[in-house]
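Here is a friendly briefing to read alongside the model. Have the viewer open and follow the topics in turn.

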Amino acid sequence: MVEKIISAYKKNFAGFDVNIETSIGEVSGLEGFKVSGQKLGNKIEAQIIYKNEHAVRYALNQLLAFANSEKKDFTYQSAPDFPVRGVVEGFYGKPSSMSFI
């Protein structure tokens, strides 16, 4: 599945020759990831470490931002505050007033 995610995403790297190595490894949280890369001209060598394959897409987003930057190398790691990405705690409806104070 990871290969399919990367293959589909590579079109976003137009103008770059990107080589991405992936491995399952120790990261923070279930959907955390670490991504690092080096850029020489239009060639990018990158490494992504993940625990859950869904995190690879988020790593690719960071790699693309790096590709479009002036940086020559980078390392980035991230993990959601909640165990699973996309979970948001919130309140809906009319906010309560403070008139009772």
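A good place to start is a polar contact: the backbone nitrogen of His54 sits 2.9 Å from a polar atom of the Asn52 side chain. Please keep in mind that this is a predicted model. From that contact, the briefing moves to the overall fold, the helices, the core and a second loop.

**The loop around Asn52**
- Asn52 belongs to the loop that runs between β3 and α2.
- Is Asn52 buried or exposed? Its relative accessibility is 16%, so Asn52 counts as buried, the cut-off for that label being under 20%.
- Setting aside neighbours within four places in sequence, the contacts of Asn52 are with Leu30 and Glu31.

**Overall fold**
- The protein chain contains two helices and four strands, and along the sequence they come in the order α-β-β-β-α-β.
- The chain has 101 residues, and 29% of them count as buried.
- Of the contacts between residues at least 6 apart in sequence, 64% join residues at least 24 apart.
- About 7,000 Å² of the protein chain is exposed, with carbon and sulfur atoms supplying 55% of that area.

**Helix α1**
- Helix α1 covers residues 2-9, and its buried residues are Val2, Ile6 and Tyr9.
- These three span an arc of only 70° around the axis, which means they lie on the same side of α1.
- There is a general reason for such spacing: an α-helix has 3.6 residues a turn, so residues three or four places apart point the same way.
- On the face of α1 turned away from the buried side, you will find the exposed residues Glu3, Lys4 and Ser7.
- What do the buried residues of α1 pack against? Their partners are β1 (17-24), β3 (43-50) and α2 (55-67).

**Helix α2**
- The 13 residues of α2 should span 18 Å at 1.5 Å a residue, and the end C-alpha atoms are 19 Å apart, which agrees.
- The buried residues of α2 are Ala55, Val56, Ala59, Leu60, Leu63, Leu64, Phe66 and Ala67.
- Cover for these buried residues includes α1, β1, β2 (33-40), β3 and β4 (73-78).

**The nonpolar core**
- The largest nonpolar core holds 21 residues, and Ile20, Ile48, Leu60 and Leu63 have the most contacts inside it.
- At least two residues of this core come from each of α1, β1, β2, β3 and α2.
- Which element gives the largest share of this core? That is α2, with eight residues.
- Ile20 is worth selecting in the viewer: beyond its neighbours within four places in sequence, Ile20 is in contact with Ile6, Lys10, Ala46, Ile48, Leu60 and Leu63.
- As general background, nonpolar side chains in soluble globular proteins tend to be buried together.

**The loop around Val27**
- Val27 is in the loop between β1 and β2.
- With 5% relative accessibility, Val27 counts as buried.
- Val27 and Ile49 are 22 residues apart in sequence, and their C-alpha atoms are 7.3 Å apart in space.
- Once neighbours within four places in sequence are left aside, Val27 is in contact with Gly32, Phe33, Lys34, Ile49, Tyr50 and Lys51.

Terms used: Residues are numbered from 1 along each chain as its sequence is written. This is a predicted model: local features need pLDDT of at least 70, side-chain atom pairs count only at pLDDT 80 or more; totals for chains, interfaces and linings use all residues. Side-chain values use heavy atoms; hydrogens and water are left out. Buried means under 20% relative accessible area, exposed over 50%, partly exposed in between (1.4 Å probe, protein chains only). Contact means heavy atoms within 4.5 Å. Accessible areas come from the Shrake-Rupley method with a 1.4 Å probe; for residues, only the protein chains shown count as cover. The arc is that of the directions from the helix axis to the C-beta atoms. The expected span of a helix is 1.5 Å times one less than its number of residues. A polar contact is a pair of N or O atoms within 3.5 Å; within protein, one must be able to donate a hydrogen and the other to accept it, and residues adjacent in sequence count only if both atoms are side-chain atoms. A nonpolar core is a set of buried Ala, Val, Leu, Ile, Met, Phe, Trp, Tyr and Cys residues joined through side-chain atoms within 4.5 Å.
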